[in-house]
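The following exercises are to be worked through with the sequence and the model at hand. Each task is followed by a solution in steps.

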Amino acid sequence: MDIAFDAGTPAVATDYYPFDDINYAMVRLFKSQQPAAGSGETVLSLGCGRARLELELARLGAAVTGIDSNPVACATARMRIHEVIESDLTRSEEAGAVLG
């Protein structure tokens with residue numbers, strides 16, 4: 001498989017990546033649905049965690065915005081993708097402020 005998650009990006013816990021099989025499937029799906037080069041997709045990831053999947057989507061040319069409520073996860077995600085919003089979307093007042 002030609003999908004290589006970045007081992008150089010710090011991980012907080014070794015057991016954090018139990019969903020790699022899902023991540024690989026999502027990246028394959030994204031690659032198969034990509035439009036012509038240069039048109040750039042926009043991805044909004046709700047509950048991005050540490051942005052492991054989102055990093056790969058960004059490498060494929062997507063403009064990725066991640067949202068998560070965990071400050072530790074957001075700190076790691078900020079090292080991986082361009083825009084991360086720390087917010088708890090289960091709280092309606094925060095969801096309204098973030099999503100408009």
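**Exercise 1. Strand register**

Which residue in E2 does Val43 stand opposite?

*Solution.* The model is a predicted one. Begin with strand E1, which spans residues 42-46. Its partner, strand E2, covers residues 63-68. The two strands run parallel and are joined by five bridges. Within this pairing, Val43 faces Val64 of E2.

**Exercise 2. The sheet as a whole**

Determine the strand order of the sheet, its edge strands and the angle between neighbouring strands.

*Solution.* Step one concerns the order: three strands follow one another as E1-E2-E3 in an open sheet, with parallel pairing. Step two identifies the edges, which are E1 and E3 (83-86), since each of these strands pairs on one side only. Step three gives the angle: neighbouring strands are turned against each other by 15 degrees on average, direction ignored. Finally, place a helix on this arrangement. Helix H3, formed by residues 71-78, lies across E2 and E3, and the helix runs at about 170 degrees to E3.

**Exercise 3. Succession of elements and overall character**

In what order do the elements of the protein chain run from the N terminus on?

*Solution.* First, count the elements: the protein chain contains four helices and three strands. Next, read them from the N terminus, which gives α-β-α-β-α-β-α. Then turn to the contacts. Of those between residues at least 6 apart in sequence, 46% connect residues at least 24 apart. Last, consider burial and surface. The protein chain has 100 residues, of which 35% are buried. Its accessible surface is about 6,100 Å², and carbon and sulfur atoms account for 55% of that area.

**Exercise 4. Two cysteines without a disulfide**

Why are Cys48 and Cys74 not joined by a bond?

*Solution.* Start from the distance criterion: a disulfide requires cysteine sulfur atoms within 2.5 Å. The cysteine sulfur closest to that of Cys48 belongs to Cys74 and lies 5.7 Å away, so the separation is too far for a bond. Taken from the other side, the sulfur closest to that of Cys74 is the one in Cys48. The count of disulfides is accordingly zero. As a further step, examine the surroundings. Cys48 is buried, at 4% relative accessibility, and Cys74 is also buried, at 0%.

**Exercise 5. Salt bridges**

How many salt bridges does the count come to, and which residues form one network by sharing partners?

*Solution.* The count comes to three salt bridges.

1. Arg59 and Glu56 meet through their side chains, with an N to O distance of 2.9 Å. Both residues belong to helix H2 (residues 52-59) and are three residues apart, about one turn of the helix. Arg59 is partly exposed at 43% relative accessibility, whereas Glu56 is buried at 6%.
2. Glu93 and Arg91 form a salt bridge at 2.9 Å, N to O. Glu93 has a relative accessible area of 47% and is therefore partly exposed. Arg91, at 42%, is partly exposed as well.
3. Glu94 forms a salt bridge with Arg91, and their closest N and O atoms are 3.4 Å apart. Glu94 counts as partly exposed, with 23% relative accessibility.

The last step is to look for shared partners: Arg91, Glu93 and Glu94 are joined by their salt bridges into one network.

How values were computed. Residues numbered from 1 in each chain as written. Predicted model: local features only at pLDDT ≥ 70, side-chain atom pairs only at ≥ 80, totals over all residues. Heavy atoms only, no water. Pairing = 2+ DSSP bridges. Axes fitted to C-alpha atoms, helices over the stretch in contact; angles between N-to-C directions. Contact = heavy atoms within 4.5 Å. Buried < 20%, exposed > 50% of the residue type's maximum accessible area, 1.4 Å probe, protein only. Areas by Shrake-Rupley, 256 points an atom, 1.4 Å probe, with all protein chains shown as cover. Salt bridge = Lys/Arg side-chain N within 4 Å of Asp/Glu carboxyl O.
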